[in-house]
Amino acid sequence: MKRAASIDNRMPLFQNAWLERLTVVSLSWFLVTWGVLLPLIALAGWGAVGPLAGLGLAAAGLLVWSLFEYAMHRFLFHWKARFAPLKALAFLIHGSHHLQPNDRLRNLMPPVVSIPVALCIWGIFALLLGDTGTWAFLGFMLGYVVYDLTHFACHQLPMRSGLARAIKRHHMRHHHIDENANYAVTFLFWDRVFGSHLRSLKR
């Protein structure tokens, strides 16, 4: 793993060019990938339950996502590891983002990571709920896609009014004032529930 600036001013994470390409994804490829996969997930669950039950399960999956988003950002992405290989892993997962937060090709999770993780989570839903778990999984993945697009927007778009402005302000304070607060990106209320809402604007 390298940390020197690359030619295009992007911090390389691997010396191997093929591995390095797997760490980036453009907005257009992200949209194409999940624009195909989300309907396929819905198709896989078609007929397992009725429409109302499907919506309820999807809503439950979205709620699970909201907690997963918060917990992953707080406890995995900001893991204070002491063992050198684990510190390197933590840097690879999220530390690099804090050093170069506005790299538009690393503001979205690359499919090489998100798809295998998603398949594991689908398996967990299937074990817990059987065929109907696909609808909960669909809600979970809808939450993920909204989260990643919101995160991208926070770093790449103005977001000057209403809820969008509040979301961006919340996340920018995490980056520029205190990285040990404001972990939520889309469901901001979890920071208040768990006491990690930024209370002071002083560094």
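This report describes the annotated domain, the two largest pockets and the nonpolar cores of a predicted model.

**Annotated region**

An unreviewed UniProt entry carries the annotation "domain: Fatty acid hydroxylase" for residues 59-196. Over residues 59-196 the chain is 71% helix and 0% strand. The C-alpha atoms at the two ends of this stretch lie 25 Å apart.

**Pockets**

The largest pocket encloses about 810 Å³ of space. Its lining comprises 37 residues, and those closest to its centre are F77, I93, M109, P110 and V113. Four helices, α3 (51-77), α4 (84-99), α5 (111-129) and α6 (133-156), each supply at least two residues of this lining. The most comes from α3, with 7 residues.

The second largest pocket has a volume of about 240 Å³. Nearest the centre of the second largest pocket are F77, W79, A90, F91 and G95. F77 is therefore listed near the centre of the largest pocket as well as that of the second largest, each list being drawn up for lining residues, which have an atom within 4 Å of a pocket point. In the second largest pocket α4 gives the most to the lining, with 8 residues.

The table sets out the two linings by residue class.

| Pocket | Nonpolar | Polar | Charged |
|---|---|---|---|
| Largest pocket | 23 residues | 10 residues | 4 residues |
| Second largest pocket | 7 residues | 4 residues | 4 residues |

**Nonpolar cores**

In soluble globular proteins, nonpolar side chains tend to be buried together. In this model the largest nonpolar core holds 23 residues, of which F30, W34, L38, F137, M141 and Y144 touch the most other members. At least two residues of this core come from each of α2 (27-45), α3, α5 and α6. The largest share, 10 residues, is supplied by α6. The helices α3, α5 and α6 thus appear in this core and also in the lining of the largest pocket.

W34 illustrates the packing around one of these core residues. Apart from its neighbours within four places in sequence, W34 is in contact with P39, S114, I115, A118, M141, Y144 and V145. Among these partners, M141 and Y144 are themselves listed with W34 as touching the most other members of the core.

A second, separate core has 6 residues, including A153, M159, I167 and L188. These four named residues fall within residues 59-196, the span of the UniProt annotation.

Conventions. Residues numbered from 1 in each chain as written. Predicted model: local features only at pLDDT ≥ 70, side-chain atom pairs only at ≥ 80, totals over all residues. Heavy atoms only, no water. 1 Å grid on protein atoms, 1.4 Å probe; cavity = no way out; pocket = protein on both sides within 12 Å on 5 of 7 lines; lining within 4 Å. Points joined across faces, edges and corners; volume = space filled by probe spheres on them. Nonpolar A, V, L, I, M, F, W, Y, C, P; charged D, E, K, R; others polar. UniProt positions renumbered as here; feature names shortened; annotations may be inferred. Core = buried A, V, L, I, M, F, W, Y, C linked by side-chain atoms within 4.5 Å. Buried < 20%, exposed > 50% of the residue type's maximum accessible area, 1.4 Å probe, protein only. Contact = heavy atoms within 4.5 Å.
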